[in-house]
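Dear colleague,

Here is the structure I promised to pass on to you. Please look through it first, and then read the notes below.

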Amino acid sequence: MGKYFGTDGIRGVPNEKLTVDLVAKLGMALEALDNSDVVIATDTRISKDMLANAISAGILSRGMNVHFLGIMPTPALIYYSFIKKMTGVMITASHNPYTDNGIKVMNKGLKLREDEEKNIENLIDNPKEDVKEVGMFINEKDGINIYLDFINKHIVKSNLKILLDTANGATYKTAELIFKNITPNLNIISNNPDGKNINNGCGSTHLELLKNEVVKGGYDLGFAFDGDGDRVLAVDNSGNTIDGDMIIYIIARYLKEKNLLNDNKVVLSMMSNLGIVKSLNDYNIDVIETNVGDKYIIKALFENNLSIGGENSGHIIMPNILHTGDGVLIASQLVKIIEETKRSVNDFIKDINMYADKMVNIKVKDKNKVLNNKYLFERVEKIKKELNNDAKIIIRASGTEDLIRVSVMAKDNKIVEKYSDELVDLVKNI
């Protein structure tokens, strides 16, 4: 991680870390990417206008043009930045509360390389002296249609009764416009953003609302997106969660049946449930496991030229369609599969035996002291042997907080509780 850039752009509280001064300097520093045009979109947070105006002022002052899309999902911004070969700026803090915000920067639709981040950080601290011609500010009215035209090429009509929860976030317009083309039996909740209600008791991080409404309204399927629209989780007609791993499992099986699953492999994160991994293996689908984080998933997908990968959180990528996670796109693909195969989501997942799992966060003073403790990891290996390697134990540090995460997964809940308690105590003692 750099001086300003974290794992996913520059995050912070507006007026604290994300000051107008810093954001304007970031706008000026985008000249490091050598693009004459910058496209900007935002989610629905109240701080979006302050940040969009600040970064725009910086960009314009260095002679670059701003193309402003307004409120759009992150994948729409990435797609636009990619096809127009522009620098892309997304103002969002994804699934975080409205009090946070962040700025993701793309170069022609692709995540920044480390050297590009460093060059931008250097220019934030040491702005160039020379003043160029002032750039133009363009309100891009057609940005939404370019994205919708792209997604609409990949949808299939359906009569399923579907409920969407747009988290009062960036998909509150686009999800409705796309799904109206899919089914006439559509309803939407959490689609009245007021600047402060994004992710508030709704969306993919708070599924209770969607579950209740799906069951109450007799819907076939519900989809919940996160604040910036790059994630999706689903809910079946009984209100059961269909998480990211399960969605990947369904799509992977469908692609394999169609001989469209490259190399018969998928990419999952190391936090994925062992039950999913074993069920994929039962269908002769191999799993590549990566560290947690979409950048690792994307790297594995492209290095191995694979068709699908993602995380339990619902961040799922199908590179043959789009090179980034798009919740609405993935939801549309799930509907397409149900229509084409005439099978419900439950028909696909009924044979999966999910493993019990538990994750505990432990506040620590020194993450490295825990991660470098030899005895702790020797004990982990012994436990795995005791369980005939039919378990998954992960001890890792949070990337953003002073936390150690202890995750234990096994067939039986009692085993999980026993070993989780033991390892948590060990970490606390260290």
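Two residues are said to be in contact when heavy atoms of theirs lie within 4.5 Å. Please keep in mind that this is a predicted model, in which local features need pLDDT of at least 70 and side-chain atom pairs count only at pLDDT 80 or more, while totals for chains, interfaces and linings use all residues. Residues are numbered from 1 along each chain as its sequence is written, and side-chain values use heavy atoms, with hydrogens and water left out.

Leaving aside neighbours within four places in sequence, Phe-223 is in contact with twelve residues that I list in full: Ile-162, Leu-163, Leu-164, Asp-165, Phe-179, Leu-210, Val-232, Leu-233, Ala-234, Ala-331, Leu-334 and Val-335. Phe-223 also belongs, with Phe-179 and Ile-308, to the residues with the most contacts inside the largest nonpolar core, which has 66 residues. Such a core is a set of buried Ala, Val, Leu, Ile, Met, Phe, Trp, Tyr and Cys residues joined through side-chain atoms within 4.5 Å, where buried means under 20% relative accessible area with a 1.4 Å probe, protein chains only. A second, separate core of 29 residues includes Ile-40, Val-89, Leu-123 and Ile-124.

Turning to the whole protein, buried residues make up 57% of its 430 residues, and the C-alpha trace spans about 70 × 55 × 40 Å along the principal axes. Of the contacts with a separation of 6 or more, 70% join residues 24 or more positions apart.

Best wishes

Methods. Buried means under 20% relative accessible area, exposed over 50%, partly exposed in between (1.4 Å probe, protein chains only).
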